[in-house]
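Dear colleague,

I am passing on the structure below, together with some notes on what turned up when I went through it. Please read the notes with the coordinates open beside you.

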Amino acid sequence: MLVLGVTNNDLAGACLVRDGEIVAAASEERFTRIKDHKVWPQASIDFVLREGGVSLDEVDRVTYGWHAGFDADKHLLLYVDRIAEEARFRPDSLPHLRKRIADELHNDKDKRAEFDAFVDRNGLRAKTVYVDHHEAHGVGAFLASPFDDALVVTCDGRGDFQSLTVTYCTADGEEVLQRETSIDSLGYFYGRITKLLGFKPNRHEGKITGLAAKGDPEKLLPLMQLMIGLEDGAIRARCGDYYQPSYEGYSETLLAEIALHDPADVAAAAQRHVEDLLTEVVARHIGKVATSNVCLSGGVFANVKLNQRIFEVAGVENVYVLPPMGDGGLPLQAAVVTEYRETGARVRLPSMALGPDSTVSDAQLEEILKDYPGVRFLRVDNGIQDILLDALEAHQVIGTYRGRMEFGPRALGRRSVIYSTDDPSMNDWLNQRLKRTEFMPFAPITAEDLAADAYVGWKPEHPAPLFMTITYECTEIFAKTCPAVVHVDNTARPQIVRKQDDSFLHSLLLSWYARSGQAALVNTSFNKHEEPIVGSHRDAVDPLRDEIIDLLLVDDVYLIWKDKPDSFMSQHVS
């Protein structure tokens, strides 16, 4: 079966799945160069079909994980009970509930209509499948995981009238254990804090996670509890002056209260509150199901500190977070769910290298570089790793443009910026180069062979590649030798590289450790602030021209640099 997954909402993109294998996946922003582009993903659709060597007419199913609609079986009693509860205990909140439901009915109609028009224009109506938003997130993550059973938790702002689900997934089926309305949304809660602190909700929540480590959560935890909490195991919003299920509408009372406090303390309290609520939800269910595996999906689980706390819950042995955990992952998630439900074919996902390839010839590279005066390249068929190690030792900032581009928000060594990890001041100067304002430190990339000595609790038998989706406490020796990638709370969010997944990078990391004693390299995404990760070869050369990076590695064969008397390569190449 050939399944095309599409999304045109939030972060648009497409994915093609064939007989249990993901052929290709990409986000439209990588082609249009507009971050989080909410547009019809024509370039992404064209790319994945081209990678599959097929036309749109040959696709068996087209699937969509947004706006499947109100389902009486799933949602009617959930909302009837929720409204009755509010009428009884918090009647003043009823207007807020009504507005949220009205918004939910009208949100996404234009985007759904755009998808439907595409379907009808191309004669695909009989092939179209609409997948419940949270089922796409949750079941999709489970199917891509290495587990045969798992407790699957989804959490985001909203989607198909829900903001959280808990499901027990096995080979025999899915049992939903808990649902929460989009009124009772931890995604909206965290996004509102993000906006209150001057950042963009649904984009900059990671800054709040990083800032939280510098604050005292106890000072404002009572304020967070006024907004949303747990009642008999259920998430319950307290709509009014302190909370609304929206990124808009901030009362003067709330604004005045927040203004009195250090932003780090506000962030710390919000972070602690989300951790407390979701760890309690997981703890409540994990002991009632016959599994110790947990899958996490939905935008809230981009929160790497939260994921660590869930991993620490008693009874949880393994945690898997699908790297495109948010709505940008919906094309992949909906596609794998659709194929599995129709054929039983299950995708396993060892790699996120699903995008366009970096392969280029000498002649093509020469043609590209004609537009970049003073930029040179060298093809190195043997010994390129030795040059890279010398460059790292000489404190060169290296951009990597190698193999297939990663799908999802994490750069995983293919479209990354790498650097040595012994200079903690780099968090300031490299962020300035990249025009970023970050509170999180750069992430480390570590060979699997070295992970147990770097990260407390790392298990060599970890069931899946680690895609920078969870933080670990750092060992004393790692914190000492690699301070640039260790946060103020002594944690790091590593990518672990296995030889079978990326032999070139795995070898480079081991060789770097042998030379420097550093069990990691810095790995940050290859992009400037508010720009998507680089897509084309020109996107990768531009930062070199602008001196954001010092050296560009392409295809594990080419080195590209700006030819200046003091440049590293100019001194090493005649």
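Which are the buried residues of α12? Before the reply, please keep in mind that this is a predicted model. The buried residues of α12 are V304, K305, L306, N307, Q308, I310 and F311; with seven of its eight residues buried, the helix, which runs over residues 304–311, is largely enclosed by the rest of the structure. The cover over these buried residues includes the helices α8 (205–212) and α11 (263–286), and it also includes the strands β11 (293–297), β12 (318–321), β18 (472–473) and β19 (491–492). At the start of α12, the backbone nitrogen of K305 has a side-chain oxygen of N303 within 3.3 Å.

Within α12, I310 may be worth a look of its own, since its relative accessible area is 0% and I310 is therefore buried. Leaving aside neighbours within four places in sequence, I310 is in contact with T279, V282, V294, L296, F301 and V316. I310 and V522, by contrast, are 212 residues apart in sequence and, from C-alpha to C-alpha, 26 Å apart in space.

Turning to the nonpolar interior, the largest core has 130 residues, and those with the most contacts inside it are F189, I193, Y455 and F478. The helix α11 gives the most to this core, contributing twelve residues. F189, if residues up to four places away in sequence are not counted, touches M224, M227, I228, Y243, A270, H273 and V274. There is also a second, separate core of 57 residues, which includes V23, W66, L143 and M468. As general background, nonpolar side chains in soluble globular proteins tend to be buried together.

Is D116, a residue of helix α5 (residues 109–121), buried or exposed? D116 counts as buried, because its relative accessibility is 17% and the cut-off for that term is under 20%. Not counting residues up to four places away in sequence, D116 touches R125 and Y130.

Finally, on the surface, F70, L76, L77 and V80 make a nonpolar patch of about 380 Å². Of these residues, L77 is found in helix α3, which spans residues 72–89, and L77 is exposed, with a relative accessible area of 61%.

With best regards

Definitions and conventions
Residues are numbered from 1 along each chain as its sequence is written. This is a predicted model: local features need pLDDT of at least 70, side-chain atom pairs count only at pLDDT 80 or more; totals for chains, interfaces and linings use all residues. Side-chain values use heavy atoms; hydrogens and water are left out. Patches are made of residues with over 30% relative accessible area and no salt bridge: like charges are joined within 9 Å, nonpolar side chains (Val, Leu, Ile, Met, Phe, Trp, Tyr) within 5 Å. Accessible areas come from the Shrake-Rupley method with a 1.4 Å probe; for residues, only the protein chains shown count as cover. A salt bridge is a side-chain nitrogen of Lys or Arg within 4 Å of a carboxyl oxygen of Asp or Glu. Helices (H or I, at least four residues) and strands (E, at least two) are DSSP runs, numbered from the N terminus. Buried means under 20% relative accessible area, exposed over 50%, partly exposed in between (1.4 Å probe, protein chains only). Contact means heavy atoms within 4.5 Å. A polar contact is a pair of N or O atoms within 3.5 Å; within protein, one must be able to donate a hydrogen and the other to accept it, and residues adjacent in sequence count only if both atoms are side-chain atoms. A nonpolar core is a set of buried Ala, Val, Leu, Ile, Met, Phe, Trp, Tyr and Cys residues joined through side-chain atoms within 4.5 Å.
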